[in-house]
Amino acid sequence: MYVIYSRHHEEHRPPYQVHFGRVAPPSEVPDRVSAILHAVRTAGLGTVVEARSFPPEPIMEVHDVAYLEYLRSGISTPLTDPESRGKKLRALFPSTWPYGSAPDRRGSIMAAAGWYCFDTYTPVVEGTYRAAVGAAECALTGAELLLGGCDGAFALCRPPGHHAMRSKCGGYCYLNNAAIAACYLARGGRVAILDLDYHHGNGTQSIFYDTDQVLYVSLHADPDHAYPYFSGYPDERGEGKGLGYNLNLPLPPGTGEERYLETLAVALDRVESFGPWCLVVSLGFDTYREDPIADFRLERESFGRIAGSLAKLGLPTLFVLEGGYCLPALGELAVSFLRGWSAAAE
Ligand code: SP5
Ligand code: ZN
């Protein structure tokens with residue numbers, strides 16, 4: 001198993017997030033990936049490699065050019081508002097969103113912020129664009145390994161990606177790493193994406209909602225009480241040609257291993273009946289019982305069992321890191337996962 005990282009992830013350091021209308025410490029921090037890398041190296045698991053660089057085209061297949069330009073240059077665009085003329089921001093957050101039947105007006109940087117970002121968790125800072133491109137390159141490097149015949153790769157993407165839409169950031173996500181990899185892998189045939197993050201991958205769902213070439217299946221907290229609130233319901237099944245190629249399996253608060261593995265079996269049946277040539281797993285560790293922002297009850301060993309069930313599919317698989325915020329446990333969760341995968345894949 002190759003484990004892929006980008007040194008550029010450290011350049012994305014959000015100073016804070018706004019949660020329930022209050023300033024709170026950031027959850028999505030550089031130590032997340034450092035902790036996993038350290039644990040994987042200490043355990044002597046897998047081959048750790050750096051992402052290679054890619055031309056912009058595979059990213060532009062998923063994301064809108066004007067949105068990419070917002071991520072690249074938004075933070076250095078001076079405000080023109082009366083009380084802050086000429087000032088530069090340290091972290092670009094929206095304060096206003098398009099309202100009513102607002103036409104596409106993006107004159108000021110604050111209009112762009114509301115246009116291109118859907119929540120108060122996802123600021124653009126100086127290093128965001130470079131880090132997000134590095135994360136996409138981790139996923140693409142993994143995709144290329146699969147196309148070359150490798151049967152497993154784990155891309156340590158940071159910032160994460162599954163909430164990012166074609167032209168909107170949100171949920172700590174800027175570029176949809178799993179979607180970018182899936183598009184790249186689609187040159188080899190149909191691709192399935194299985195999303196195991198605690199939160200519904202609203203970005204990934206929206207990107208592939210109208211296609212039958214990429215299947216999206218997700219296990220996540222019921223949006224009736226959990227972020228991202230507006231999507232992840234079972235009646236969202238796809239549209240047009242894509243009808244029947246989107247499957248949401250919401251789970252209640254307190255979900256533990258038994259219920260999780262039963263639901264995973266339903267998801268894996270759908271993946272098998274789709275018959276993809278490979279699988280992309282959006283892997284979040286925020287389903288862990290001690291995760292500070294979530295309420296599932298998976299144990300460390302659960303991650304090894306989940307990996308074991310995935311390995312039994314026998315498909316070339318690209319794991320793409322999404323969430324997971326319990327810093328003291330992240331390393332051991334990743335190690336448990338990788339051990340479970342290699343034990344079953346042998
Ligand atoms: C990729 C991913 O897992 N994104 C998650 C986005 C979650 N957004 C809601 C976060 C609630 C954060 N609560 C912070 C409390 C700080 N004390
Ligand atoms: Zn999550």
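Against which helices and strands do the buried residues of helix 6 pack?

1. In this predicted model, the buried residues of helix 6 pack against helix 2 (57–60), helix 5 (128–147), strand 6, helix 7, strand 9 and strand 10 (317–321). Helix 6 is mostly covered, with 9 of its 9 residues counted as buried. Those residues are N177, A178, A179, I180, A181, A182, C183, Y184 and L185.

2. One of the partners of helix 6, strand 10, contains L318. With a relative accessibility of 0%, L318 counts as buried, because the cut-off for that class is under 20%. Apart from its neighbours within four places in sequence, L318 is in contact with A139, G142, A143, L146, A153, A155, A181, L185, L279, V280 and V281. Two of the residues in that list, A181 and L185, are also among the buried residues of helix 6. The C-alpha atoms of L318 and V214 are separated by 14 Å, and these two residues lie 104 residues apart along the chain.

3. The metal site deserves a careful look in the viewer. The zinc ion (ligand 2) is coordinated by D197, which is listed twice through OD, by H199 through ND1 and by D286 through OD, at 1.9 to 2.8 Å. Along the chain, the donors follow the spacing D-x1-H-x86-D. The pair H199 and D286 links distant parts of the chain, 87 residues apart: H199 sits in the loop between strand 6 (191–195) and helix 7 (202–207), whereas D286 sits in the loop between strand 9 (278–283) and helix 9 (300–311). Both H199 and D286 are buried.

4. Turning to helix packing, helix 3 (residues 65–73) and helix 4 (residues 109–116) pack at an angle of about 120°, with their axes 11 Å apart, and the two helices are therefore oblique to each other. Their crossing is left-handed. On the side of helix 3 the contact is made by A66, Y67 and Y70, and on the side of helix 4 by I109, A112, A113 and Y116. By class, this contact of helix 3 with helix 4 has 7 nonpolar residues, with no polar and no charged residues.

5. Helix 8 (residues 257–274) and helix 9 have axes that come within 11 Å and cross at roughly 15°, which makes helix 8 roughly parallel to helix 9. Helix 8 passes helix 9 in a right-handed crossing. From helix 8, the residues E257, Y260, L261, L264 and L268 meet S302, R305, I306, S309 and L310 of helix 9. The residues of this contact of helix 8 with helix 9 divide into 6 nonpolar, 2 polar and 2 charged.

6. Helix 9 also packs with helix 10 (residues 327–345), at an angle of about 35° and with the axes 7 Å apart, and the crossing of helix 9 and helix 10 is right-handed. Here R300, E301, F303, G304, I306, A307, G308, L310 and A311 of helix 9 meet E332, L333, S336, F337, G340, W341, A344 and A345 of helix 10. By class, the residues of the contact of helix 9 with helix 10 comprise 10 nonpolar, 4 polar and 3 charged. I306 and L310 of helix 9 appear in the contact with helix 8 and also in the contact with helix 10.

7. Some backbone details in the loop between strand 5 (152–155) and helix 6 (177–185) should be checked, beginning with the position of P159. A cis peptide bond joins R158 and P159, with omega about 0°. Y172 is placed in the loop between strand 5 and helix 6 as well; the phi of Y172 is near 70°, a positive value in a residue other than glycine. At 10% relative accessibility, Y172 counts as buried.

8. The loop between strand 7 (214–221) and strand 8 (246–251) holds P228, and a cis peptide bond, with omega about 5°, joins Y227 and P228. Y229 lies in the loop between strand 7 and strand 8 too, and has a positive phi of about 65° although it is not a glycine. Is Y229 buried or partly exposed? Y229 counts as partly exposed, because its relative accessibility is 39%.

Terms used. Residues are numbered from 1 along each chain as its sequence is written. Chains are lettered from A and ligands numbered from 1 in the order in which they are written. This is a predicted model: local features need pLDDT of at least 70, side-chain atom pairs count only at pLDDT 80 or more; totals for chains, interfaces and linings use all residues. Side-chain values use heavy atoms; hydrogens and water are left out. Axes are lines fitted to C-alpha atoms, for helices over the stretch in contact, and angles run from 0 to 180 degrees between N-to-C directions. Helices (H or I, at least four residues) and strands (E, at least two) are DSSP runs, numbered from the N terminus. Angles under 35 degrees count as roughly parallel, over 145 as roughly antiparallel, 65 to 115 as roughly perpendicular and the rest as oblique. A crossing is left-handed if the near helix is turned anticlockwise from the far one by less than a right angle, and right-handed if clockwise. Contact means heavy atoms within 4.5 Å. Ala, Val, Leu, Ile, Met, Phe, Trp, Tyr, Cys and Pro count as nonpolar, Asp, Glu, Lys and Arg as charged, and the others, Gly among them, as polar. Donors are N, O and S atoms within 2.8 Å of the metal (3.2 Å for Na, K and Ca); water is not among the atoms, so sites may look incomplete. Buried means under 20% relative accessible area, exposed over 50%, partly exposed in between (1.4 Å probe, protein chains only).
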